[in-house]
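Visitor: I should like to understand how certain terms are applied to this model. Please set each value against its definition.

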Amino acid sequence: MADQTVNSSAVRRAVILARGLGTRMRRADDTAQLDEDQAAVAASGVKALIDVGRPFLDYVISVLADVGVDEVCLVIGPEHEVLREYAARVSGGRVTVTTAVQAEPLGTADAVAAARDFAGGQRVIVINSDNYYPREALAALAAAPGSALVGFDRTALVERSNIPADRIRAFALVATDSTGHLTDIVEKPDEATLAAYGEEAPVSMNAWLLPPAIFDACARIQPSVRGELEIIDAVRLLVAEQEPFTVVPAAVGVLDMSSRGDVAAVQEALAGIEVRL
């Protein structure tokens, strides 16, 4: 059971976005040192289930439980029977794990919208299934008042993550006001935007604390230039309507499981991390 000392007003529910197609993970890489089982899961595209000592998703869910979450919803595709089986298998310890289906891969806002019934009118943490966020970052996020996101320090990500610096430069840039609230967020910034924001501007890695209003916002946005319904656009809409979003600063590394070349580094970094489901 979850820690009964957690305050009743604390965030107890989390949504993990696991609908991704895993295109990069499916791609063959002769330089990646994978065992037979890891290669088979990589070929399926369900990267969150790659065994890095145990399934990567075990680590993701365990750290959520560490910060007080006791209900988790995996947003999956209709074809992801293996994730339904996983949810049933790990549910019932510290965390209840269920699934919600995103019928088509229409974007992150559409994926979040699939978890509306699960959220049940409460604030929910929303994170990626292929990232391992440190406990300190998730604890600060869960403790934030109202709505929030983690603003990751770019230098710390370069130094402490397994993510190349050029990829980090492409992450969404976060702008805040003098009170630490979100004023804007720019997906895939160009060089001019990077220069304008400055090297100290934090970035987003899709670690959110979202209010019930997010679901209506997801229904009111239009597809982005990439043709997808983006959670960033739904958040930007709420900010324009005076919903304050606290930007929680975090000078930490984040483990990324996007491609086969990431597996060995992630496995090494997670060695010795205790998992309790």
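Visitor: What makes the contact between the side chains of Glu 71 and Arg 13 a salt bridge?

Guide: A salt bridge requires a side-chain nitrogen of Lys or Arg within 4 Å of a carboxyl oxygen of Asp or Glu. The side chains of Glu 71 and Arg 13 meet at 3.4 Å, N to O, and therefore satisfy that rule. Glu 71 lies in strand 2 (residues 71–76) and Arg 13 in strand 1 (residues 13–17), so numbered because strands are DSSP runs of E, at least two residues, and helices runs of H or I, at least four, counted from the N terminus. The pair links distant parts of the chain, 58 residues apart.

Visitor: On what kind of model do these values rest?

Guide: The model is predicted: local features need pLDDT of at least 70 and side-chain atom pairs pLDDT 80 or more, while totals for chains, interfaces and linings use all residues. Residues are numbered from 1 along each chain as its sequence is written, and side-chain values use heavy atoms, leaving out hydrogens and water.

Visitor: Why is Arg 13 called buried, and what is Glu 71 called?

Guide: Buried means under 20% relative accessible area, exposed over 50%, and partly exposed in between, with a 1.4 Å probe and protein chains only. Arg 13, at 15%, is therefore buried, whereas Glu 71, at 27%, counts as partly exposed.

Visitor: How are Arg 226 and Glu 230 classed by accessibility?

Guide: Their side chains meet in a salt bridge at 2.8 Å, N to O. Arg 226 has a relative accessible area of 44% and is therefore partly exposed; Glu 230, at 7%, is buried.

Visitor: Why are Arg 84 and Glu 81 described as about one helical turn apart?

Guide: They are three residues apart in helix 4, which means a separation of about one helical turn. Arg 84 forms a salt bridge with Glu 81, the closest N and O atoms being 3.3 Å apart.

Visitor: Why are helix 3 and helix 4 called oblique to each other?

Guide: Angles under 35 degrees count as roughly parallel, over 145 as roughly antiparallel, 65 to 115 as roughly perpendicular, and the rest as oblique. The axes of helix 3 (residues 56–66) and helix 4 (residues 81–90) come within 12 Å and cross at roughly 50 degrees, so the two helices are oblique.

Visitor: Which residues meet between helix 3 and helix 4?

Guide: With contact defined as heavy atoms within 4.5 Å, Leu 57, Asp 58 and Ile 61 in helix 3 meet Leu 83, Tyr 86 and Val 90 in helix 4.

Methods: Axes fitted to C-alpha atoms, helices over the stretch in contact; angles between N-to-C directions.
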